[in-house]
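Colleague: I'd like to go through this one feature by feature. Could you give me the general idea each time, and then the case in front of us?

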Amino acid sequence: MQEDNTKKQPAPLHLLPLKSKKGVLNLPTPPLPKGGDPDSPTLKKGGQGGFSDEKTDFSRLAERLEKKIGRIETEFRDSITLLNRDIRDLLHQKNVAFDEKTVQAELNALYGQLEARMQKTVEELSRREAGKREDKDAVRVIKDKTAQLTRLLSLDFYKSVLGRLTSAEHEEEVDPFGMDYRLVEKIKPLFDFLYSKYWRVSVTGIANIPNEGKALIVANHSGTMPYDGAMIKTAILNEHPKRKDARFLVEDFVYHMPILGTFMYRIGGVRACPENAELLLNAGHLVIVFPEGVKGIGKLYRERYKLQRFGRGGFIKLCMKTGAPLVPVGVVGAEEIHPIMMKSNILAKTIGVPYIPITPTFPLLGLLGCVPLPSKWFIHFGEPIRLDSYGPKAMDDELLVHKLSEKVRMNIQEIIFDLLRKRRSVWLG
Amino acid sequence: MAEPKKKSRSEPNPGAIVVTGTSGFKGSRIIKALEADNRYPSIVAIDARKPPPDTRKTRFYKLDLTETLADVKLAEILKNERCDTLVHCAFPITPPKNPSFAHELISIGTLYVITACAEARVRKVILASTTDVYGAFPTNPNFLQEDVHPPKGDRQSAFLADKIDAEKQGLKFAAKYPDRVVTILRACTILGPTIQSYKTNYLRRPFVTTIMGFDPLVQFIHEDDLIRSFMRTIEKDCPGIYNIVGDGVLPLSRVIKICGKMNLRLPQMGFKTMVQLMWMADISPAPASHVNFLRYLCIADGAKAKKDLGFVPQFSTKEALLSFVGAERLREVRLIEA
């Protein structure tokens, strides 16, 4: 029963004309004074003309029907042009330009009108015809003709406009910083696999991330390819009960390159500059930064776990300005995924990347060399450091900024040493 | 000397609003909006071409800003009309084929207008500009701000250089006369049912060419919102530069998808040369110096306009695009005239 009910609901617009008889629009059937329903056998009673008479000049009847159908057709055409004009006027006057919903409502109304009018005409016609001759064939012909007519007038224009507009409606939008939630959802299984199966990341101190509000997450950078940002993001997504909004800042050079730059934007990366970070923090996001920058991911294997210089302390200024707490993070295990033996800087310059790494596998095995090694990872979120007591004015004090930046660096270095002390094996942890 | 006195007696409100470039899109729409508003009894239209159609209170002067002594003639007109506010939008929306003409009109034309304004003691000058003057660079922050990020334009684009020069002249004028109000409105890409520009031409083609591997974010402003922002600046004194942008951003690929066009992704190598050749052959809508806008980010922050100007766009980026696309489709089936 329920299925029947749903079928009687107004169908999608382009389907309407094809099932005109089924009463798709739930129109109340007008009471028929004389003949009643054209299908019902009562018709035969009310007839005046003999049935056998009409069979002889059935072609004449068909002709008349054709004429009548033609009239209906012109009427319909007129009403459609009228409605077209109405829509056009609406567009011109209100300058609403194109609101899908209004247009859809308008078109639904149009179809309702057309359907009602058609049914009325058909019924009138069939009543008249049946009243005269009670010819079932005639009724069938009318019905066929009307079905044909509705198919003819199925308004492919409206259909196409609506079809295209609805396709536009389904288009996903990105957030102001270019993150595509659909893509993030799509690639999350891959990150989850890397996180739980491949690198078996073990996370400690997740409670140090505040439950709400902004926070700046400062981490050590490593691993040739910036998987560490993705893994910290995944760790927060998977382990923290309340936070899902971690964004990471990405080096400039990525955005010069095709594909990679766009991809970084779509998965939630933002170009590393103070303006972007400030906007994100003020919007209450978690922002992951790697103050070491390219120096961090490009260091040689023998320099592993030695933190490089922390930029110019931009992240400290950011915390002072926005009042965001600073969460130091240490990542251990990422240094071993692509151990860099040597670097080629000359070739890199011509391509526009900072360096080309030479690892035990990379140029040797070709693309296979790009597969990271399955080391065991540890991520520890340290105690949050609050810098808002210094106030925004302390930003100009370069010495203080440098001192604080160094303090944070030592803090992260401590975390890393702690993790390394606990670690017994690179691959098993 | 006798004539202006007579005029001042006949006019209750001496402050006329002068609009330049009234046969262009912005100018004609501003004239239309001013005509409809009863607060502005005196409107003056200045253009080198035909006067604005069906106007009641607008007086039209034919003046070519590229001719010599245009500044003297303009100053005379402004003095005679007792001009209070001047809206300068005699700029080509589309980069013209003739670079020297573009320079004459944009850079020198603005110079003439500014000197005439200085001479005729015009109280308020409003300059129309675009957010394209920031230039598209991979080093751009996601939201460019008026007072933080200087307009860099493009090294190869004379069109954008002229635009920046026009802005600079306006700012110089503002610095020289602190009692005058100079407003510069930087609008992002304008879309809507009636606008025609090189960007709409770009979106109108069956194949929209983009660069492989790049998918920059773009933002649009609806044409009605743009005119609303101009009207807002006319009624309120807001010196400074304002970004006029719609809310939200869209990736270029999605824009093309919504337009229902085919996205033809071409490799980066040789793209610029191809575009330049096509521009010379009159196929490409813009010269090669605009290719960077297909590659890198150029998104402006409209927060200052919201805060100081009180301008809140009524159409978001997506709505502006949908209105353009809808009008295009109605035009396709001839429901509205082209």
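Modeller: Happy to. Let's begin with a residue on the outside: B:L69 counts as exposed because its relative accessibility is 54%, and the cut-off for exposed is over 50%. Keep in mind that this is a predicted model.

Colleague: Where in chain B is the place of B:L69?

Modeller: B:L69 sits in the loop that runs from strand 3 (58-62) to helix 3 (70-81) of chain B. Its backbone is worth a look too: phi is positive, about 65°, although B:L69 is not a glycine.

Colleague: Which other residue has a positive phi although it is not a glycine?

Modeller: Try B:D282, with a phi of about 70°. B:D282 belongs to the loop between helix 9 (271-280) and helix 10 (303-309) of chain B. With a relative accessible area of 59%, B:D282 is exposed.

Colleague: Let's turn to the interior. Which residues have the most contacts inside the largest nonpolar core?

Modeller: Those are A:I232 and A:F381, in a core of 80 residues. Helix 16 (residues 398-422) of chain A supplies the largest share of this core, 8 residues. There is also a second, separate core of 68 residues, and B:A128, B:A166, B:I244 and B:V291 are among its members.

Colleague: And what is A:I232 in contact with, leaving aside its neighbours within four places in sequence?

Modeller: A:I232 contacts A:A219, A:I288, A:F290, A:V329, A:V331, A:I379 and A:F381.

Colleague: Now helices. How do I read which way a helix faces?

Modeller: The general idea is that an α-helix has 3.6 residues a turn, so residues three or four places apart point the same way. For the case here, take helix 11 (residues 274-282) of chain A, where A:N276, A:A277, A:L280 and A:L281 are buried. They lie on the same side of helix 11 of chain A because they cover an arc of only 130° around the axis.

Colleague: What do the buried residues of helix 11 of chain A pack against?

Modeller: They pack against strand 2 (215-219), strand 3 (246-250), strand 4 (269-271), strand 5 (286-289) and helix 13 (314-322) of chain A. Just after helix 11 of chain A comes A:G284, with a positive phi of about 85°.

Colleague: How many salt bridges does a search of the whole structure find?

Modeller: It finds 34 over all chains. One of interest is B:R254 with A:D180, whose closest N and O atoms are 2.8 Å apart. The pair crosses between chains, from helix 8 (residues 252-259) of chain B to the loop between helix 7 (156-169) and helix 8 (181-198) of chain A. B:R254 and A:D180 are both buried.

Colleague: What about pairs inside a helix?

Modeller: A:D192 and A:K188 form a salt bridge at 3.1 Å, N to O. These two are separated by about one helical turn because they are 4 residues apart in helix 8 of chain A. A:D192 is partly exposed at a relative accessible area of 22%, and A:K188 counts as partly exposed at 22% as well.

Colleague: Where does A:R409 fit in?

Modeller: A:R409 bridges to A:E406, with 3.1 Å between the closest N and O atoms. They are 3 residues apart in helix 16 of chain A, so about one helical turn separates them. A:R409 is buried at 17%, whereas A:E406 is partly exposed at 30%. Elsewhere, salt bridges that share partners join B:D37, B:R39, B:R232 and B:E235 into one network.

Colleague: And a charged residue with no such partner?

Modeller: That's B:E146, which is buried yet has no salt bridge. The cut-off is within 4 Å, and the nearest side chain of opposite charge, B:K304, is 5.2 Å away. Still, a polar atom of the B:E146 side chain lies 2.8 Å from the backbone nitrogen of B:N243. B:E146 itself is in the loop between strand 5 (124-130) and helix 5 (158-176) of chain B.

Colleague: One last residue: is B:V249 buried or exposed?

Modeller: Buried, because its relative accessibility is 3% and the cut-off is under 20%. B:V249 is in the loop between strand 11 (240-244) and strand 12 (250-251) of chain B. Its contacts include A:E173, A:V174, A:D175 and A:P176 from chain A, along with B:L217 and B:I299 from chain B.

Notes:
Residues are numbered from 1 along each chain as its sequence is written. Chains are lettered from A and ligands numbered from 1 in the order in which they are written. Side-chain values use heavy atoms; hydrogens and water are left out. A nonpolar core is a set of buried Ala, Val, Leu, Ile, Met, Phe, Trp, Tyr and Cys residues joined through side-chain atoms within 4.5 Å. Buried means under 20% relative accessible area, exposed over 50%, partly exposed in between (1.4 Å probe, protein chains only). Contact means heavy atoms within 4.5 Å. Lys and Arg count as positive and Asp and Glu as negative; His and the chain ends are not counted. A polar contact is a pair of N or O atoms within 3.5 Å; within protein, one must be able to donate a hydrogen and the other to accept it, and residues adjacent in sequence count only if both atoms are side-chain atoms. The arc is that of the directions from the helix axis to the C-beta atoms.
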